[in-house]
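Here is a short briefing to read alongside the structure. Have the viewer open, and we will go from one pair of residues outwards.

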Amino acid sequence: MIGDFPQLLINGLLAGTQLAVPAIGFTTVFAVLRFPNFAVASHATIGAYAGYLANTAFGLPAGAALLVAFLVAGLFGVASDEIVLRRLRSSGPLTVAIASVALTIVLENAVRFGFGNDPRGYDLAVLRDWRVDLGWLGLVRIGPQQVINAGAAAIAMALLFGFLGFTRTGKMMRAVADNPMLAALKGINAETVARLANFIGMGLAGYGGMLIAMDTAVDPLTGFRVMLSIFAAAVVGGLGSIPGAVLGAFVIGVGEEMSVLLFDPTYRTAVGFFAILIVLTLRPRGLLGERAV
Amino acid sequence: MTLRLRRRTALLGSLAAPFISRLAAAQTGPIRLGTLTPQTGAGGPYGPPMVKTVQAVVADINAAGGVLGRKIELVSEDDETNPDSAVRAARKLIDVEKVSAIIGTWASAVTTAVAPLCWENKVMLFTVSGADSITKLPHNGYIIRTQPNTYLQSGMAAQFLAKSGAKSVFALSAQTPFAVDSYNRLAEVLAASGAKALGDVIYDPAKTSFRSEIDQALKTKPDALFLNSYTPDLAVILRELYRAGYEGKKFTYGYAANAKLIESVGAEVAEGLISFAPSPDLDSPSYARIKALLGNEPDPYSCQVYDHISLAALAIAKAGAATGSAIHDSVRAVGNRAGSKVTDAVAGLKLLAAGKEVNFEGASGPCKFTALGDIEGCRFRFDVAEKGKYRLLSLI
């Protein structure tokens, strides 16, 4: 069993990088709008399908298709917020959160209506794993696609941190996240920032959705399947904290894989719930609290 | 005072009138039957052609004058391949739509969840689910299934694997009501044939990655893997097996290995995947009819629901009543081996109207049922994926 440790750790870390991107998207929306937008699930799916169309119908390479996934999911995010969620914001965060669950079901079924239920794959060669001999630790397998995905996830995260840390617009977003009242007094337009947060948040969900789909398959449930893990990652790291979402994604990714050492794989889903339970009991504000950056 | 009373009586009478006419309509109006199929969820690829097939049979029957002089009215609901949603949909079919039969539950978990509603309300349940446990429920005869049960299927799979030279088999199973039964029977038959079952991992099909599960399986160095999966998780598992460089045999159920699977994972990843399925009666005229209707080779479930709706219509005609218990009492009598053989409902209804006995043999097979509600037997086909296409390997 201990011999499995390095392999499980690698599987978990790679799963964590993939999870991190949509988790950042989720937490970005929360940081600015203060409600959990469960529509990340359908936006991840929409991103995966947008990338699929770009890749198979228009023949774009995976990198360009990822950009399409980001843009399309981001635009859908802004549109669905304008049309559905924004009107409910005055009724409190719980109402909007519930509406976002309904929204995700509607969008998921709209995807199903257009593309059907069957799983689809990108026009990418499936690559054989690399085998790495770690000496006394044994042999581990590493998937090239997963490493590429981890790289793509790292690029997205670096860009986001750069944007939030060094651009004027990024600083505006952080200001609203930290203290909306003070930001308003300084003349920052909350609506513009909200739209931007939705665009970036849902765009990242779409980007992450496509990364997950590249590793597995595109189907209408692509986003929904990882919803709980995304939510758990964001809560564990501290809702609203972007570095927290990254850390949380690693905790959940590694935790889910490592759990097979102790439990039947059937119970892997329970890890997410369990992590939420422990963190909310011991550190209700999450591992890193809720400072945005 | 008398006037007011009279008024009130008149009022009550006029209020009651629609209900009385509805009550009368229940005996003379249309016969209501329901389908409960997976339009969404893991079974989503199968539900739509199933409903289309049932609708076509109903249209045929109605065009030929209906059953007992009454039209059939079909109500179709989506079970979402999810027991929760299925129970809500079944409640609607039974309580609101007042159907006398529910046709087409696909996932075993769904069938297990809606079955008690059916037998308690004396509504006949026709299903295509395979879990052994289903017909062992105390259903008093209100479940009939055309799908061979897990016991029959796993035994068949094990025999085939042993015969094809696999000495050791590991099973990866999605968490379903039949995962354990299926593995136990597989191990039993493999042992009897001189081969060995190395173990099984039951995984949660709702996860996106199964790398750690696959590592567990490959550590045992099996000759063959028995992939007891549904299509979405099978697509992921096949890719991961390919990445892991697994070269042994891959064996799965036919419902998971459909044409879309190869499209999704690509020819190279699917290469060598052997799938097996209870085979419809390929020579039956009903099979040809469904093929023409759907425009491609029908899957086994479309063939089975063709038989379900036909059996229900024939049983109603045979019993002379359209209730669930009438179907329950007569469903075996329309497969009377002494009667004239028919392969479609319209021909059978004509014979029954003329007072003759019928022997219905449908698109899925002979449709003869044991006392528990299982089919007595059927054929099996084995296909292998080669260069992006399935090729028939053998028909047993």
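**Briefing: a sheet, its helices and a few residues**

B:L225 has B:K250 as its bridge partner in strand 9 of chain B. Please keep in mind that this is a predicted model. The pair belongs to strands 8 (residues 224-228) and 9 (residues 249-253) of chain B, which run parallel and are joined by four bridges.

**The sheet in chain B**

- Seven strands of chain B make up an open sheet with mixed pairing, in the order 7-6-8-9-10-13-14.
- At its edges are strand 7 (196-203) and strand 14 (389-395) of chain B, each pairing on one side only.
- From one strand to the next, the twist averages 25°.
- Strand 9 of chain B also pairs with strand 10 of chain B, again in the parallel sense and over four bridges.
- Within strand 10 of chain B, B:S275 is the residue that stands opposite B:T252.
- The pairing of strand 10 with strand 13 of chain B is antiparallel and has six bridges.
- If you look for B:S279, you will find that its bridge partner in strand 13 of chain B is B:R379.
- Is strand 10 of chain B enclosed or open to the outside? Seven of its seven residues are buried, so the rest of the structure largely encloses this strand.
- In a regular strand, side chains alternate between the two faces of the sheet.

**Helices on the sheet**

- Helix 6 (residues 150-163) of chain B lies across five strands of chain B, namely strand 6 (168-174), strand 8, strand 9, strand 10 (273-279) and strand 13 (379-386).
- The angle between helix 6 and strand 10 of chain B is about 140°.
- Helix 8 (residues 211-219) of chain B packs on the sheet too, where it touches strand 6, strand 7 and strand 8 of chain B.
- The direction of helix 8 makes about 170° with that of strand 7 of chain B.

**Chain B as a whole**

- Chain B contains 15 helices and 14 strands.
- Its radius of gyration is 23 Å, close to the 21 Å given by the globule rule for 396 residues, so chain B is as compact as a globular protein of that length.
- The C-alpha trace of chain B spans about 90 × 50 × 35 Å along its principal axes.
- Buried residues account for 56% of the 396 in chain B.
- Of the chain B contacts between residues at least 6 apart in sequence, 66% link residues at least 24 apart.

**B:Q39, a loop residue**

- B:Q39 sits in the loop that connects strand 1 (31-37) to helix 2 (47-63) of chain B.
- It has 23 C-beta neighbours inside 10 Å, and 20 are enough for a residue to be called buried, so B:Q39 counts as buried.
- Setting aside residues up to four places away in sequence, B:Q39 touches B:G44, B:G47, B:P48 and B:D78.

**Helix 2 of chain A**

- In helix 2 of chain A, 15 of the 18 residues are buried, and the helix is mostly covered.
- At 1.5 Å a residue, this helix should span 26 Å, which agrees with the 25 Å between its end C-alpha atoms.
- A:G47 is part of helix 2 (residues 40-57) of chain A, and with 40 C-beta neighbours inside 10 Å it counts as buried.
- Beyond four places in sequence, the contacts of A:G47 include A:A69, A:F70, A:Y207 and A:M210.
- Between A:G47 and A:L67, 20 residues apart in sequence, the C-alpha distance is 9.4 Å.
- A:G59 follows helix 2 of chain A and has a positive phi near 70°.

Terms used:
Residues are numbered from 1 along each chain as its sequence is written. Chains are lettered from A and ligands numbered from 1 in the order in which they are written. This is a predicted model: local features need pLDDT of at least 70, side-chain atom pairs count only at pLDDT 80 or more; totals for chains, interfaces and linings use all residues. Helices (H or I, at least four residues) and strands (E, at least two) are DSSP runs, numbered from the N terminus. The radius of gyration is taken over C-alpha atoms; the globule rule is 2.2 Å times the number of residues to the power 0.38. A residue is buried if 20 or more other C-beta atoms lie within 10 Å of its own, exposed if 12 or fewer, and partly exposed in between; C-beta atoms are placed from the backbone. Two residues are in contact if their C-beta atoms, placed from the backbone, lie within 7 Å. Two strands pair if DSSP finds at least two bridges between them. Axes are lines fitted to C-alpha atoms, for helices over the stretch in contact, and angles run from 0 to 180 degrees between N-to-C directions. The expected span of a helix is 1.5 Å times one less than its number of residues.
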